[in-house]
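Trainee: I'm new to this one. Could you show me how to read a strand and a helix here?

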Amino acid sequence: MSTLDLANHGPVIPVIVINKVEDAVPMAEALLEGGVKVLEVTLRSPVALQAMEQIAKHVPDAILGSGTVRNLKDAKASKDVGCQFAVSPGYTSELGRYAREIGLPLLPGVSTGSEIMTANADDYYFLKLFPAVAVGGINLLKGFAGPFADVKFCPTGGVSVESAPQFLALPNVVVCGGTWLTPADAVARKDWAHITKLAKEASAIVAAK
């Protein structure tokens, strides 16, 4: 699988934090019911790897990825629990090469031209712009379109259900990352129906004309 294939499954990849292992499977099932198949579970909680393992085992239709992968240990652990791809907040050549060695497709994070060039030198051309809105958002992506015409992006960080159509209208954006699909209050209430509703809304997003 190429990470670029992830964009074929819908306009938004949810960026998920799971604090309780027992929430992992019902949350993943709720997202799938809403049409969201690609799930990025971040390594931002002590139970993240256990949660990923549960999803990999019990929700086989999900395309499971690990987020906030910062080093080789993170990458190996993600692969070991069954993740099919990884997403990093930044990029190092060491991580990029290692991910290839272990067969873990990587979506690297970048925010500057130099980082894009470093990733391109290692043959990564589908990149996460992060934190998208904070570093310039739509205007920055428009600026990158000229010198980096062969690079596609997944803007993540500050993107909302309202702004996603504007991002997706850009020729160099193929999918967006979104944290809004699994709000902490809904997860705390175990309101999986609400998460399914948000997933359906996200699945229906189309690029602004």
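Trainee: Which residues point one way from S1, and which point the other way?

Mentor: Keep in mind that this is a predicted model. On one side of S1 you'll find Val12, Pro14 and Ile16, while Ile13 and Val15 point the other way. Every one of these residues is buried, meaning under 20% relative accessible area.

Trainee: Why is S1 said to be largely enclosed?

Mentor: Count its residues: five of the five in S1 (residues 12-16) are buried, so the rest of the structure largely encloses this strand.

Trainee: Which strands pair with S1, and in what sense?

Mentor: Strands pair through bridges, and two bridges are the minimum for a pair. S1 has three bridges to S9 (residues 176-178), in the parallel sense; Val12, for one, has Cys176 as its bridge partner there. S1 also runs parallel to S2 (residues 38-42), with two bridges joining them. In that pair, Val15 stands opposite Glu40. To get from S1 to S2, the chain passes through helix H1 (residues 21-33), making a right-handed β-α-β crossover.

Trainee: Now a helix. Which residues of H7 are buried?

Mentor: In H7 (residues 137-145), they are Gly137, Leu141 and Phe144. Look down the helix axis: these buried residues fall within an arc of 60°, so they line one face of H7. Asn139 and Lys142 are exposed, on the face turned away from that buried side.

Trainee: What covers the buried residues of H7?

Mentor: The cover includes helices H5 (113-121), H6 (132-135) and H8 (164-168), along with strands S7 (126-129) and S8 (152-155).

Conventions: Residues are numbered from 1 along each chain as its sequence is written. This is a predicted model: local features need pLDDT of at least 70, side-chain atom pairs count only at pLDDT 80 or more; totals for chains, interfaces and linings use all residues. Side-chain values use heavy atoms; hydrogens and water are left out. Buried means under 20% relative accessible area, exposed over 50%, partly exposed in between (1.4 Å probe, protein chains only). Helices (H or I, at least four residues) and strands (E, at least two) are DSSP runs, numbered from the N terminus. A crossover is right-handed if, with the strands pointing away from the viewer, the path from the first strand over the helix to the second runs clockwise. The arc is that of the directions from the helix axis to the C-beta atoms. Contact means heavy atoms within 4.5 Å.
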